[in-house]
Amino acid sequence: MKTQDKNISIKKAVSEDASKIVVIHKNCVLKTNAKFYPKNVIKEWIKPITVKNTKHQFKNSQWFVIKIKSKIVGFCQICFKEKSLDQINISPKCQNKKYGKLLYDFIEKLFLKNNINKIYLNSTLSAVDFYKKLGFKKIRKIKFKLDKTSVEMVKMKKDLVRINKLRND
């Protein structure tokens with residue numbers, strides 16, 4: 001997908017993107033999420049973020065990258081079967097510049113194109129306000145289990161049918 005800015009593109013992630021995705025993901029956990037979680041949680045959280053695990057997850061879900069010129073600055077992971085947005089991560093250096101919103105708008109269009117009328121996600125504490133601005137509603141707090149500890153998150157949902165109908169009125 002091309003955006004209005006011809007230097008920005010969103011493309012399906014390929015195997016060769018995995019190492020850049022891992023760097024961005026780890027940086028997001030270490031720099032953005034670390035402000036909201038204890039050090040022991042952060043330390044355990046980044047352990048499974050590897051190229052091997054990322055490539056393995058390519059088989060069970062769809063991944064997309066957002067690029068400025070040819071440089072990957074963020075990515076997302078979605079699963080149509082689960083109606084889930086598993087993650088959006090934008091490099092900490094590029095956060096708060098609308099790249100996350102661009103990526104989300106792309107995702108929402110994909111869900112609608114696939115006749116999916118709801119999106120569920122588990123938001124990190126650092127991203128709750130971002131998702132609220134996009135129209136997501138809190139369902140409940142959850143604990144995402146790691147090996148020895150867990151990550152406190154917020155389960156959220158967005159109804160796309162109502163919004164889609166409003167756009168067509």
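A salt bridge here is a side-chain nitrogen of Lys or Arg within 4 Å of a carboxyl oxygen of Asp or Glu. With that cut-off, a search of the whole structure, which is a predicted model, turns up two salt bridges.

One of the two sits inside a single helix. Asp105 and Lys101 pair up through their side chains, with 2.9 Å from N to O. Both residues belong to helix H4, which covers residues 99-113, and they are four residues apart, or about one turn of the helix. That spacing fits the usual geometry: an α-helix has 3.6 residues a turn, so residues three or four places apart point the same way. Neither partner falls into the buried class, because Asp105 has a relative accessibility of 28% and counts as partly exposed, while Lys101, at 38%, also counts as partly exposed.

The other salt bridge joins Lys158 to Glu108, and here the closest N and O atoms are 2.8 Å apart. Lys158 is in strand S7 (residues 150-159) and Glu108 is in helix H4, so this pair ties together parts that are 50 residues apart in sequence. Anyone scanning for charges tucked away from the surface may want to look here: Lys158 counts as buried at 5% relative accessibility, and Glu108 counts as buried at 4%.

Strand S7 comes up again in the packing of helix H2. Within H2, which spans residues 39-46, the buried residues are Val41, Ile42, Glu44, Trp45 and Ile46. These buried residues pack against helix H1 (18-32), strand S5 (118-124) and S7.

Next comes a buried pair from neighbouring strands. Ile78 is part of strand S3, residues 71-79, and its relative accessibility of 0% puts it in the buried class. Setting aside neighbours within four places in sequence, Ile78 is in contact with Ser61, Gln62, Phe64, Ser84, Leu85, Asp86, Ile107, Leu110 and Phe111. The C-alpha atoms of Ile78 and Ile88 are 9.0 Å apart in space, with their positions 10 residues apart in sequence. Ser84, one of the contacts of Ile78, lies in strand S4, which runs over residues 84-90. With a relative accessible area of 10%, Ser84 is buried too. Not counting residues up to four places away in sequence, Ser84 touches Ile78, Cys79, Phe111 and Tyr120. Phe111 thus appears in the contact list of Ser84 and in that of Ile78.

Phe58 offers another set of contacts. Phe58 is found in helix H3 (residues 51-58). Leaving out neighbours within four places in sequence, Phe58 is in contact with Ala13, Val14, Ser15, Ile21 and Trp63. Phe58 and Val73 are 15 residues apart along the chain, and their C-alpha atoms are separated by 18 Å.

Two backbone angles deserve a quick mention. Asn96 has a phi near 65°, which is positive although the residue is not glycine, and Lys98 also shows a positive phi, near 80°, again in a residue other than glycine. Asn96 lies in the loop between S4 and H4, and Lys98 is in the loop between S4 and H4 as well. As for cover, Asn96 counts as exposed at 82% relative accessibility, and Lys98 counts as exposed at 62%.

Out on the surface, Lys132, Lys138, Lys141 and Lys143 form a positive patch. Strand S6, residues 137-145, supplies the largest share of that patch, with three residues. Lys141 has its place in this strand, S6, and is exposed, with a relative accessible area of 64%. Patch members need over 30% relative accessible area and no salt bridge, so Lys141 at 64% clears the area cut-off.

Finally, Lys6 is in the segment before strand S1 (8-12). Its relative accessible area of 70% makes Lys6 exposed. Lys6 and Phe106 are 100 residues apart in sequence, with a C-alpha to C-alpha separation of 15 Å in space.

How values were computed: Residues are numbered from 1 along each chain as its sequence is written. Side-chain values use heavy atoms; hydrogens and water are left out. Patches are made of residues with over 30% relative accessible area and no salt bridge: like charges are joined within 9 Å, nonpolar side chains (Val, Leu, Ile, Met, Phe, Trp, Tyr) within 5 Å. Accessible areas come from the Shrake-Rupley method with a 1.4 Å probe; for residues, only the protein chains shown count as cover. Lys and Arg count as positive and Asp and Glu as negative; His and the chain ends are not counted. The place of a charge is taken as NZ of Lys, CZ of Arg, CG of Asp or CD of Glu. Buried means under 20% relative accessible area, exposed over 50%, partly exposed in between (1.4 Å probe, protein chains only). Contact means heavy atoms within 4.5 Å.
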